[in-house]
Amino acid sequence: MTALPPERREVGLVFQDYALFPHLSVLGNVMFGLAGRERAREQARDILAMVGLTVFESRMPHQLSGGQQQRVALARALAARPRLLLLDEPFSNLDAVLRQSTRAEVRSILRQAGMTALLVTHDQEEALAFSDRLVLMRGGRSSR
């Protein structure tokens, strides 16, 4: 069995700190994973519309709120249309009110996109509000 290169694994990742490229605009960040694809700009704009950020496409990451940066990171991950999306504590940098509304918004976007996602969180309320299924891990093993 040969290992697939990362770009062919069909897995998207949203990092805890969003990991946006500071030198790229919102549109540039979303287009990054679409490099070389036909219609990349159009596809990126469609994804930005899905996450409600079309009016911010020319802004730079430092000009956005935490919730907007989080949605750009989500849009960038969704743009490549992965089969699985990994979310590593994506709401931990947001204040309580923004965290709750963004969590609901992201859940809705994932449902709309028909995307399977794996959320890593230490927040029990977040896990219960976001997930269809839960796995509790302790010491690297799942609890039953």
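**Exercise 1. Two backbone oddities and one far end**

Task: Is Arg81 buried or exposed, and what is its phi?

Solution. Start with the surface: Arg81 is exposed, with a relative accessible area of 52%. The cut-offs here are under 20% relative accessible area for buried and over 50% for exposed, with partly exposed in between (1.4 Å probe, protein chains only). A quick note before going on: this is a predicted model, where local features need pLDDT of at least 70, side-chain atom pairs count only at pLDDT 80 or more, and totals for chains, interfaces and linings use all residues. Residues are numbered from 1 along each chain as its sequence is written, and side-chain values use heavy atoms, with hydrogens and water left out.

Next, the backbone. Arg81 isn't a glycine, yet its phi is positive, at about 50°. Most residues other than glycine have a negative phi. You'll find Arg81 in the loop between α3 and β2. Helices (H or I, at least four residues) and strands (E, at least two) are DSSP runs, numbered from the N terminus.

Now look at Tyr18, which also has a positive phi, near 75°. Tyr18 sits in the loop between β1 and α1 (26-31). Tyr18 counts as buried because its relative accessible area is 4%.

Last, go to the segment before β1, where Pro6 lies. Pro6 is exposed, at 57% relative accessible area. From Pro6 to Gly67 you cross 61 residues in sequence and 27 Å in space, C-alpha to C-alpha.

**Exercise 2. Put the sheet together**

Task: What is the strand order of the open sheet, and which strands are at its edges?

Solution. The order is β1-β2-β3, an open sheet of three strands with parallel pairing. Its edge strands are β1 (11-14) and β3 (116-120), each pairing on one side only. Two strands pair if DSSP finds at least two bridges between them. On average, neighbouring strands here are turned by 20° against each other, direction ignored.

Take the β1 side first. Four bridges hold β1 in parallel register with β2 (residues 84-88). Within β2, Val11 has Leu84 as its bridge partner, Leu13 has Leu86, and Val14 stands opposite Leu87.

Then the other side: β2 and β3 run parallel and are joined by five bridges. Leu87 has its β3 bridge partner in Leu119. To get from β2 to β3, follow helix α4 (residues 96-113); the three make a right-handed β-α-β unit. Right-handed means that, with the strands pointing away from the viewer, the path from the first strand over the helix to the second runs clockwise.

**Exercise 3. Which face is covered?**

Task: Which side chains of β2 are buried, and which helix packs on the sheet?

Solution. In a regular strand the side chains alternate between the two faces of the sheet. Along β2, Leu85 and Leu87 point to one face and are buried, while Leu84, Leu86 and Asp88 point to the other and aren't. β1 can be read likewise: Gly12 and Val14 make up its covered face, Val11 and Leu13 its uncovered one.

The packing helix is α3 (residues 66-79), which touches β1 and β2, and its direction makes about 175° with that of β1. Axes are lines fitted to C-alpha atoms, for helices over the stretch in contact, and angles run from 0 to 180 degrees between N-to-C directions.

Now zoom in on Gln68, which lies in α3. Gln68 counts as buried because its relative accessibility is 15%. Leaving out residues up to four places away in sequence, Gln68 touches Leu53 and Phe56; contact means heavy atoms within 4.5 Å.
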